Amino acid sequence: MTERKAFRFPENFLWGGATAANQYEGGGTEGGKGLSVCDVLTGGSRTRKRQMTWINRVTDETGYTELRPRQSLALPENAEPALLDGEYYPSLKGVDFYHRYKEDIALAAEMGFKAFRMSVNWARIFPQGDEEEPNEEGLQFYDAVFDELKKYGIVPLVTMCHYEMPLSLSLNYGGWTDRRVVGFFERYARVLFTRYQKKVKYWLTFNEIDNIANFPLICAGVPEYSPQAVAQAAHHMFVASAKTVKLKNEINPDMMVGQMLAYMPVYGYSCSPKDQLLAIDRERDALFFSDVQVGGYYPAYKLKEYERNGVVLKTEAEDFELIRRYPCEFIGFSCYKSMCVSAGQPEKRNLKNPYLEESEWGWTIDPDCLRLTLNELYDRYRKPLWIVENGLGAEDTVENGKIHDQYRIDYLRDSVKSIADAINLDGVEVMGLTVWGWIDIISAGTGEMKKRYGLVYVDMDDEGHGSLDRIRKDSFYWYQKVIRSEGTEL
Ligand code: BG6
């Protein structure tokens with residue numbers, strides 16, 4: 001590919017940072033919030049999976065069940081997820097944005113943010129999920145947050161469902177496997193659009209919808225793992241996505257609804273055609289979701305796969321027409337790393353790539369993955385793109401009140417260069433970059449605090465102890481300079 005001559009970014013490029021309510025907001029059950037799926041998860045680590053805690057309603061016995069990727073949640077009979085005394089639940093506390101949003105937004109403004117990605121916690125608006133009326137106190141909280149952002153001219157980018165849903169919808173309906181959840185989500189979307197149409201222009205429906213097969217519970221409130229359950233839940237989410245776009249057009253077409261995809265380029269380990277075929281197959285695990293939500297159609301490769309696996313979707317007559325007529329208008333995606341596969345070892349979902357270094361958590365460090373992703377998605381859909389998550393999770397050390405995180409600066413600098421190349425050399429339309437976890441928050445994967453992505457340090461440990469004070473890291477000043485120079489000073 002052609003080499004770059006300069007780094008340039010469009011004047012209206014939306015520089016900023018990203019967060020999610022279940023990892024950031026906290027506020028437990030204050031303000032009338034109900035429990036959401038992540039609230040009953042404990043912390044974990046690199047080697048220990050996060051667990052769901054439960055109580056047996058008949059025997060009063062309590063216990064822990066590991067959340068394993070691509071497996072059903074195995075709770076004993078009569079057991080229900082519940083909070084246990086003495087246990088620490090990272091999502092309930094987050095890093096206390098609920099009480100500190102003014103301080104945090106002031107820091108974002110100091111860095112020069114143009115955009116602030118956050119999510120609304122569905123259970124703060126509809127505590128059980130299936131009520132007729134929303135929780136006014138929850139709505140007021142987000143009003144206050146959006147007003148604070150406006151004070152600094154920062155544009156919110158709001159995810160409607162970021163790895164959570166009211167726990168009660170998961171328990172009583174099986175999450176998105178139940179068609180009625182489409183209606184509950186529609187009601188939720190109507191409330192958000194009506195209330196915030198003057199304050200929020202950019203919306204994302206479901207965070208990393210393509211992770212549903214890996215984490216059905218967190219992505220879609222689905223406790224059961226089976227190809228049938230996952231496909232049915234995904235179908236309902238597609239219908240809800242189309243209905244959300246339609247609703248937005250009716251309420252205020254100036255708003256924009258985007259899709260949110262977790263995308264990782266997949267490389268064939270060798271130049272063997274078999275490795276390349278497997279790589280295409282694995283990329284389709286993600287692209288299927290954008291083909292439907294953005295392309296507006298169910299792709300042939302997925303229909304064939306369903307046929308092979310005996311998956312039969314329950315659909316309604318209008319579904320496919322809705323999906324075709326109301327695609328998402330832009331694509332927000334997360335991209336942190338790439339994968340590598342070999343047809344000789346198909347059971348391994350990712351092999352070590354000999355050309356790339358890895359982070360402390362084993363994620364490849366591959367700045368080219370951004371340019372590759374931007375090109376792949378733009379060529380396929382011709383819709384504007386927004387890198388809504390990218391960053392480096394690493395352990396930080398505080399030395400005399402300072403955090404010298406050159407490793408994070410290096411990672412982000414290479415990311416920014418890769419985006420600049422996609423814009424300037426390839427002509428990709430990129431709306432913005434919101435760096436993941438711009439302020440340290442709980443890790444989604446491990447529930448840890450020590451896996452830090454932030455440009456701002458938060459004084460808290462894995463058990464929730466600490467002053468919660470915010471400290472500017474070296475990367476804070478670096479990003480401030482990048483934004484001020486519109487990406488020319490890296
Ligand atoms: C994305 C999620 O998958 O990656 C975020 O949308 C998550 O919620 C981020 O935090 C980083 O993953 P982790 O496991 O390091 O927090």
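Which residues does Tyr378 touch, not counting residues up to four places away in sequence? In this predicted model, the residues that Tyr378 touches under that condition are Lys383, Leu385, Gly427, Val428 and Glu429. Tyr378 is found in helix 13, and helix 13, which spans residues 368-381, lies across four strands, namely strand 8, strand 10, strand 14 and strand 15. Those strands belong to a barrel that eight strands close in the order 1-5-6-7-8-10-14-15, with parallel pairing. The points below take up the barrel, the helix across its strands, two helix pairs and one loop residue.

**The barrel**

- The eight strands of the barrel pair in parallel, and neighbouring strands of this sheet are turned against each other by 25 degrees on average when direction is ignored.
- Strand 1, residues 14-18, is largely enclosed by the rest of the structure, because five of its five residues are buried.
- On one side, strand 1 pairs with strand 15 in the parallel sense over five bridges, and within this pairing Leu14 stands opposite Gly432 of strand 15.
- Strand 1 is also joined by three bridges to strand 5 (residues 115-119), the two running parallel, and here Gly16 stands opposite Ala115 of strand 5.
- Strand 14 (residues 385-389) runs parallel to strand 15 (residues 430-436) and is joined to it by three bridges, with Gly432 in strand 15 as the bridge partner of Trp386.
- Gly432 of strand 15 therefore appears in both pairings, since it is the bridge partner of Trp386 and stands opposite Leu14, while strand 1 as a whole is largely enclosed because five of its five residues are buried.

**Helix 13 and Tyr378**

- Helix 13 runs at about 155 degrees to strand 10 (330-334), and strand 8 (256-262) is another of the strands that helix 13 lies across.
- Tyr378, a residue of helix 13, counts as buried because its relative accessibility is 10%, which is under the 20% limit for that term.
- The C-alpha atom of Tyr378 is separated by 38 Å from that of Leu92, a residue 286 places away along the chain.

**Two helix pairs**

- The axes of helix 5 (residues 136-151) and helix 7 (residues 180-196) come within 11 Å and cross at roughly 45 degrees, which makes helix 5 oblique to helix 7.
- The crossing of helix 5 and helix 7 is right-handed, and the contact is made by Glu136, Gly138, Leu139, Gln140, Tyr142, Asp143 and Phe146 from helix 5, together with Val191, Arg195 and Tyr196 from helix 7.
- Helix 9 (residues 227-251) and helix 10 (residues 273-295) have axes that come within 10 Å and cross at roughly 35 degrees.
- The crossing of helix 9 and helix 10 is likewise right-handed, with Ala234, Phe238 and Ser241 of helix 9 making the contact with Phe288, Phe289, Val292 and Gln293 of helix 10.

**Lys33 in a loop**

- Lys33 has its place in the loop between helix 1 (21-24) and strand 2 (51-56), and Lys33 is buried, with a relative accessible area of 6%.
- A polar atom of the Lys33 side chain lies 3.2 Å from the backbone oxygen of Gly28.
- When its neighbours within four places in sequence are left aside, Lys33 is in contact with Gly28, Asp39, Asn121, Ala123, Arg124, Pro127 and Asn135.

Definitions and conventions: Residues are numbered from 1 along each chain as its sequence is written. This is a predicted model: local features need pLDDT of at least 70, side-chain atom pairs count only at pLDDT 80 or more; totals for chains, interfaces and linings use all residues. Side-chain values use heavy atoms; hydrogens and water are left out. Two strands pair if DSSP finds at least two bridges between them. Axes are lines fitted to C-alpha atoms, for helices over the stretch in contact, and angles run from 0 to 180 degrees between N-to-C directions. Contact means heavy atoms within 4.5 Å. Buried means under 20% relative accessible area, exposed over 50%, partly exposed in between (1.4 Å probe, protein chains only). A polar contact is a pair of N or O atoms within 3.5 Å; within protein, one must be able to donate a hydrogen and the other to accept it, and residues adjacent in sequence count only if both atoms are side-chain atoms. Angles under 35 degrees count as roughly parallel, over 145 as roughly antiparallel, 65 to 115 as roughly perpendicular and the rest as oblique. A crossing is left-handed if the near helix is turned anticlockwise from the far one by less than a right angle, and right-handed if clockwise.
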